Amino acid sequence: NVLNENDVNYSLLLDSLTIEAAIFYKEQLELRDIKENLESIIAQLETLGLEIQFISKWKALLKSDNLTELQNTLEKATRLYDEKSQSIIVETRRQAIKKALKEAGYEVNDGMETAWVENGRLVVKKAKNALYGVEFMSPKNLSRIQARVVADENRKNERTPSLDKAQEEVWCDEFDDIKGILENEDLSIFIDKAQEVGSVKLKEVPLDKSYIRSEKKIKRGRKL
């Protein structure tokens, strides 16, 4: 319709058209921004190398002008990317730490990894020295890790305060080596807090199941 300046409602009609034009322009800008963001997040999802069945549907939606559906899809895609990329980052960290521990001579098997993922706790030891180990505590995203030397609770008679302290000193040297291995994997370690060697009594945990079994056999033999 053509506006007539002589129309008694001319001013009202003009204002109404101006408002409609402003709303249309705003919606077009929102559509453009949402489509650009959705296209970008889809591209980022594809770089993860995962099979995601929704992607073809999301790509087709880029041709739509349904603002609400596009916005909802963008939120879903962004949330999915955050979850998947975080999972990959965490697994990369976990594998790098596992590799570094193995190179330092510690035993890490699949069962330990599973417990680490589920419980946020990993205890490792060296095959040649089951008297001591190292305990790692961390949240599931491995953003922070607490590491400390632990001792076998079933072999207290073999330990002395000086031996405990010496083992902590050994771990400090090994930690520097592990830190270097991780940095070669592009993973940096920042130390928030470090306890002075010998300042805290070692935590005691069961380290060697074979030792516990053999000890039980000995006790049974004595009863007989």
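# Exercises on a predicted model

The protein averages a pLDDT of 83, and 89% of the residues score at least 70. The model is predicted.

## Exercise 1. Confidence

Find where pLDDT stays under 50, and state how many contacts beyond four places in sequence the model has there.

**Solution.**
1. Scan the confidence values: pLDDT stays under 50 over residues 210-224.
2. Count the contacts: for residues 210-224 the model has seven beyond four places in sequence.

## Exercise 2. Fold inventory

List the elements of the protein from the N terminus on. Then give the share of buried residues and the share of contacts joining residues at least 24 apart.

**Solution.**
1. Count the elements: there are six helices and four strands.
2. Put them in order: α-α-α-α-β-β-β-α-β-α.
3. Take burial next: of the 224 residues, 29% are buried.
4. Restrict the contacts to residues at least 6 apart in sequence; 55% of these join residues at least 24 apart.

## Exercise 3. The largest nonpolar core

Identify the residues that touch the most other members of the largest nonpolar core, and trace the elements that supply it.

**Solution.**
1. The core holds 24 residues. Those touching the most other members are L101, Y106, V124, F136, W171, I178 and L182.
2. At least two core residues come from each of α3 (67-103), β1 (121-126), β2 (129-137), β3 (146-152) and α5 (161-184).
3. α3 gives the most, with five residues.
4. Now follow W171. Outside its neighbours within four places in sequence, W171 is in contact with Y106, V134, F136, A147, V149 and I178.
5. Look for a separate core: a second one has 17 residues, including L31, I34, L48 and L61.

## Exercise 4. Helix packing around α3

Classify the packing of α3 against α5 and against α4.

**Solution.**
1. Start with α3 and α5: their axes are 9 Å apart, at an angle of about 135 degrees.
2. An angle over 145 degrees would count as roughly antiparallel, and 65 to 115 as roughly perpendicular. α3 is therefore oblique to α5.
3. The crossing of α3 and α5 is right-handed.
4. A96, I97, A100, L101 and E103 of α3 meet I178, I181 and L182 of α5.
5. Turn to α3 and α4 (residues 110-119): the angle is about 140 degrees, and the axes are 12 Å apart.
6. α3 and α4 are therefore oblique to each other too.
7. The crossing of α3 and α4 is right-handed.
8. On the α3 side, the contact is made by R94, Q95, I97 and K98; on the α4 side, by D110, E113, W116 and V117.

## Exercise 5. R94: buried or exposed?

Decide whether R94 is buried or exposed, and list its contacts beyond four places in sequence.

**Solution.**
1. Locate the residue: R94 lies in helix α3.
2. Apply the cut-off: buried means under 20% relative accessible area. R94 is at 5%, so R94 counts as buried.
3. List the partners beyond four places in sequence: E113, W116, V117, K140 and L142.
4. Check one pair: R94 and V117 are 23 residues apart along the chain, and their C-alpha atoms are separated by 9.1 Å.

## Exercise 6. The backbone at L142

Give the place, the phi sign and the burial of L142.

**Solution.**
1. L142 sits in the loop between β2 and β3.
2. Phi of L142 is near 55 degrees, a positive value in a residue other than glycine.
3. Set this against the general pattern: most residues other than glycine have a negative phi.
4. The relative accessible area of L142 is 5%, so L142 is buried.
5. Link back to Exercise 5: R94 is in contact with L142.

Technical notes. Residues are numbered from 1 along each chain as its sequence is written. This is a predicted model: local features need pLDDT of at least 70, side-chain atom pairs count only at pLDDT 80 or more; totals for chains, interfaces and linings use all residues. Side-chain values use heavy atoms; hydrogens and water are left out. A nonpolar core is a set of buried Ala, Val, Leu, Ile, Met, Phe, Trp, Tyr and Cys residues joined through side-chain atoms within 4.5 Å. Buried means under 20% relative accessible area, exposed over 50%, partly exposed in between (1.4 Å probe, protein chains only). Contact means heavy atoms within 4.5 Å. pLDDT is the predictor's confidence in each residue, from 0 to 100. Axes are lines fitted to C-alpha atoms, for helices over the stretch in contact, and angles run from 0 to 180 degrees between N-to-C directions. Angles under 35 degrees count as roughly parallel, over 145 as roughly antiparallel, 65 to 115 as roughly perpendicular and the rest as oblique. A crossing is left-handed if the near helix is turned anticlockwise from the far one by less than a right angle, and right-handed if clockwise.
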